Amino acid sequence: MENIKAVIFDLDGVICSTDEQHYQGWQALADKLEIPFSREVNNRFRGVSRMACMDILEEIGGKHYTDEEKVAYATWKNDYYRQLLGEMSPKDLSIEVKFTLDELRARGYLLTIGSSSKNTKYILQRLGLEGYFDAISDGTNIVKSKPDPEVFLKSADFISMPYENCLVVEDAISGVEAAHAAGMKAASVGDAAENNMGDFILKSFSDLLKLLPSMK
Ligand code: G6P
Ligand code: MG
């Protein structure tokens with residue numbers, strides 16, 4: 001790990017538990033459209049852009065929607081989801097996550113975000129992390145969603161960091177694949193960790209402190 005100088009964090013399911021609110025939003029839409037849905041199916045949505053999730057939902061339900069209908073349904077889910085996000089506050093940032101981030105920064109690492117979400121800046125603001133990261137690459141600056149590496153390559157580019165000097169932290173299988181496609185190592189939590197994906201499986205977020213010694 002001596003070559004690691006920057007850590008790129010996924011957001012939903014890594015920095016915060018908004019993966020749960022995403023699930024609730026998609027479950028509510030699936031119920032409305034009478035499409036069978038579950039937490040297990042929702043795991044396929046991790047790291048995947050909103051419209052790509054809508055395509056998967058359409059496929060699961062065996063439905064054929066027009067592009068306009070798909071946009072309208074994805075917007076309905078996002079409105080529902082944003083309402084749940086509105087209830088979030090800095091209290092929803094776990095002490096362990098904040099402590100680990102602060103300690104990594106004190107050890108000399110650059111810290112960035114690599115998320116497919118177009119709600120990234122809003123979520124960071126709700127958590128009191130506005131302006132905290134050295135760069136943010138998110139759903140607003142990418143064309144291709146994970147497992148394509150674009151979001152991580154841009155995150156590294158924003159801080160002018162060679163790709164091999166970045167470690168990605170992910171909860172999505174598609175995110176670990178994206179990190180590897182970017183030529184980066186990946187540490188996994190949550191669903192990706194449970195599926196043994198990644199170069200380092202973190203039992204807990206603060207295990208990052210065991211992996212990444214002080215650079216000073
Ligand atoms: C993250 C989540 C996905 C979500 C995507 C887009 O990658 O893991 O589940 O679909 O962001 O999120 P958005 O907030 O733009 O709908
Ligand atoms: Mg995630």
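Here are four short exercises on a predicted model, each with a worked solution.

Residues are numbered from 1 along each chain as its sequence is written, and chains are lettered from A and ligands numbered from 1 in the order in which they are written. Local features need pLDDT of at least 70, side-chain atom pairs count only at pLDDT 80 or more, totals for chains, interfaces and linings use all residues, and side-chain values use heavy atoms, with hydrogens and water left out.

**Exercise 1. Find the residues around ligand 1 and its polar contacts.**

Step 1. Start with the shell, where a residue counts as near if one of its heavy atoms lies within 4 Å of the molecule. There are 13 residues around ligand 1, and Val48, Arg50, Ser117, Lys118 and Asn119 come nearest.

Step 2. Sort the shell by class: it holds 4 nonpolar, 5 polar and 4 charged residues. Here Ala, Val, Leu, Ile, Met, Phe, Trp, Tyr, Cys and Pro are nonpolar, Asp, Glu, Lys and Arg are charged, and the others, Gly among them, are polar.

Step 3. Look for polar contacts, meaning pairs of N or O atoms within 3.5 Å. A polar side-chain atom of arginine 50 is 2.7 Å from an oxygen atom of ligand 1. For glycine 47, a polar backbone atom lies 2.9 Å from a ligand oxygen. Aspartate 12 has a side-chain N or O atom 3.5 Å from an oxygen atom of the ligand.

Step 4. Check the cover: on its own, ligand 1 has 390 Å² of accessible area, and the protein covers 97% of this (Shrake-Rupley method, 1.4 Å probe).

**Exercise 2. Describe the largest pocket.**

Step 1. A pocket is found on a 1 Å grid over the protein atoms alone: it is an open set of points where a 1.4 Å probe fits, with protein on both sides within 12 Å along at least five of seven lines, and lining residues have an atom within 4 Å of a point. The largest one holds about 550 Å³ of space (the volume filled by probe spheres set on the points, which are joined across faces, edges and corners).

Step 2. Its lining has 33 residues, with Val48, Ser49, Arg50, Ser116 and Ser117 nearest the centre. Helix 1 (18–32), helix 3 (50–61) and helix 4 (67–85) are the elements giving two or more residues. Helix 4 gives the largest share, 6 residues.

Step 3. Ligand 1 sits in this pocket (more than half of its atoms lie within 2 Å of the grid points).

**Exercise 3. Describe the second largest pocket.**

Step 1. This pocket has about 270 Å³ of space.

Step 2. Among its 17 lining residues, Gly13, Val14, Cys16, Ser17 and Val97 lie nearest the centre.

**Exercise 4. Locate two backbone features.**

Step 1. Most residues other than glycine have a negative phi, and most peptide bonds are trans.

Step 2. Glutamate 34 has a positive phi, near 55 degrees.

Step 3. The peptide bond from lysine 146 to proline 147 is cis, with omega near 15 degrees.

Definitions and conventions. A polar contact is a pair of N or O atoms within 3.5 Å; within protein, one must be able to donate a hydrogen and the other to accept it, and residues adjacent in sequence count only if both atoms are side-chain atoms. Helices (H or I, at least four residues) and strands (E, at least two) are DSSP runs, numbered from the N terminus.
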